[in-house]
Amino acid sequence: MPIQILADSAMPYWQEFFLEVGEVKTFKAGELSAEILALPSSAQLRAYLPCVECLLVRSTTQVNQALLALMPNLQFVATATAGYDHFDIEALHAGDIAWYAAGGCNAQAVAQYVVCAALQLAVDDRFLLKDKRVAIVGHGNVGSRVANALHALGAQVIIYDPPQLTKAQNTTDLRISGSLNSPCYVSFSEVLKADVICIHAPLNSHPEHPSRHLFDADALSQLTGSQYLINAGRGEIIDNQALLSYFENAVKSEKVKLNVVLDVWENEPTITTDLVGHLRIASAHIAGHTLEGKANGTFMLYQQLCHRYNIAQKVKLSAMLPPDNTSLPKHLQNELHLNEMFDGESAQRLLKNICHLVYDIQNDDRVFRAHMAQFNTFAKLRQEYPIRREFSALRLNVKNTKTSQMLRGIGFVISNDGTT
Ligand SMILES: NC(=O)C1=CN([C@@H]2O[C@H](COP(=O)(O)OP(=O)(O)OC[C@H]3O[C@@H](n4cnc5c(N)ncnc54)[C@H](O)[C@@H]3O)[C@@H](O)[C@H]2O)C=CC1
Ligand SMILES: O=C(O)C(=O)[C@H](O)COP(=O)(O)O
């Protein structure tokens, strides 16, 4: 009997990978909840659920007790995402169902979203990132990449990650894979003093350090109009109602508003749309939605399935992704050679322009505002998100060693740079 797999169809290359493992039926985001499945229109999908052995989802499916009760043969649930706050872990344990989350699959994508946001704000507000102190909240797969990228751009990076700090203190080996060589851990009150705060913690109710509403009314009241707060973690880490009150009070008292970038929101997809007009950059939870990030997620689930069912891995991810053959337009390439030392405002503007060739965050912001102003289409915007590549898809030719180190640090692939 082939393994019965039920998978979200919004996983690129699912046919190529999952059909190697078993028989696959797909569903669309929003279709797999006990309430929707109770409707007569879901009869066909509901009838299939008792056979399902492997359930492969994205963040939009709440894997809770009510859903699990419909799948008595379920052995394995996996999400093609880094976050797994949509899983009821207790219910999975109680049902003796194994689970997996594709941690790190889209870390590079999120890091590049943050780099593009930071460069956009730096250029618009005429400051240099190298003069700024950046606090990273959550220093895992995503946070460590963001830390490394902003460090490569010259920023002073501090880290707030109590669980990681505890782990580091309890081990004789203080190196933490994928992070800055020696992370500078700080307290939360230090985070609130940083020029730029980037949130990359998971949503959790950790007994000592819960991330839910970490940025509550009290924390927000300590921030000023000269600071920048970027949330690409989970919406619930910032109390969105408190943020709205903060903005409304700032407007009333004519205070300069905190600069906020939100990719993630409380209560997605039914978000607090009144916030949008107060934000510097707004998007529909797409920071991780690069083709590479999504394809990595599918591939990581395929690897898990092969491992679990003892199946030889035949399909390679590299065979799927389109070739990385975009090159820089001549005028930007010339400018890059002229800006050998990559210092100062003009170099930062050039870097922003190069990054935005691959990913234009302003366009995502424009599209988001236009749609959210008309009607609430958060979920639709996400489902119809166009194909976005990562910086590695753009080949750069750089001679200066320092410049190439910096560009590599933020995720570009460099050729003919004089270092090889
Ligand atoms: N906007 C988007 O599209 C995406 C959002 N995410 C979000 O980012 C989160 C992080 O992803 P990864 O880095 O891959 O996870 P990870 O598990 O590698 O790292 C999370 C880090 O946060 C730390 N942490 C946990 N609780 C904390 C707290 N209360 N305060 C500070 N730090 C805390 C952990 O110790 C860990 O080092 C995901 O859980 C997900 O919610 C991830 C990918 C895409
Ligand atoms: O990986 C995560 O965690 C994310 O937040 C993903 O980017 C969410 O993507 P969807 O599964 O909601 O498409």
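A polar contact is a pair of N or O atoms within 3.5 Å. Keep that cut-off in mind for this predicted model.

Start at ligand 2. An oxygen atom of ligand 2 sits 2.5 Å from an N or O atom in the side chain of Ser59. That pair counts as a polar contact because 3.5 Å is the limit. Asn106 also reaches ligand 2: a polar atom of its side chain is 2.8 Å from a ligand oxygen. For His289, the distance from a polar side-chain atom to an oxygen atom of ligand 2 is 2.8 Å. How much of ligand 2 does the protein cover? On its own, ligand 2 has 350 Å² of accessible area, and the protein covers 93% of that.

Now look at the whole shell. Around ligand 2 stand Arg58, Ser59, Thr81, Ala82, Gly83, Asn106, Arg234, His285, His289 and Arg382. Sorted by type, the shell has six polar residues, three charged ones and one nonpolar one.

Next, step back to the chain. Domain 1 is built from two stretches, 3-101 and 290-319. Domain 2 covers 107-282. Domain 3 again joins two stretches, 323-358 and 390-420. Between the C-alpha centres of domain 1 and domain 2, the distance is 31 Å.

Finally, find Asp131. Which elements flank its loop? Helix 6 (107-125) lies on one side and strand 6 (133-137) on the other. Is Asp131 buried or exposed? Asp131 has 52% relative accessibility, so it counts as exposed. Gly154 is 23 residues away from Asp131 along the chain. In space, the C-alpha atoms of Asp131 and Gly154 are 7.5 Å apart.

Key: Residues are numbered from 1 along each chain as its sequence is written. Chains are lettered from A and ligands numbered from 1 in the order in which they are written. This is a predicted model: local features need pLDDT of at least 70, side-chain atom pairs count only at pLDDT 80 or more; totals for chains, interfaces and linings use all residues. Side-chain values use heavy atoms; hydrogens and water are left out. A residue is near a molecule or strand if one of its heavy atoms lies within 4 Å of it. A polar contact is a pair of N or O atoms within 3.5 Å; within protein, one must be able to donate a hydrogen and the other to accept it, and residues adjacent in sequence count only if both atoms are side-chain atoms. Accessible areas come from the Shrake-Rupley method with a 1.4 Å probe; for residues, only the protein chains shown count as cover. Ala, Val, Leu, Ile, Met, Phe, Trp, Tyr, Cys and Pro count as nonpolar, Asp, Glu, Lys and Arg as charged, and the others, Gly among them, as polar. Domain bounds come from an automatic or database domain assignment. Helices (H or I, at least four residues) and strands (E, at least two) are DSSP runs, numbered from the N terminus. Buried means under 20% relative accessible area, exposed over 50%, partly exposed in between (1.4 Å probe, protein chains only).
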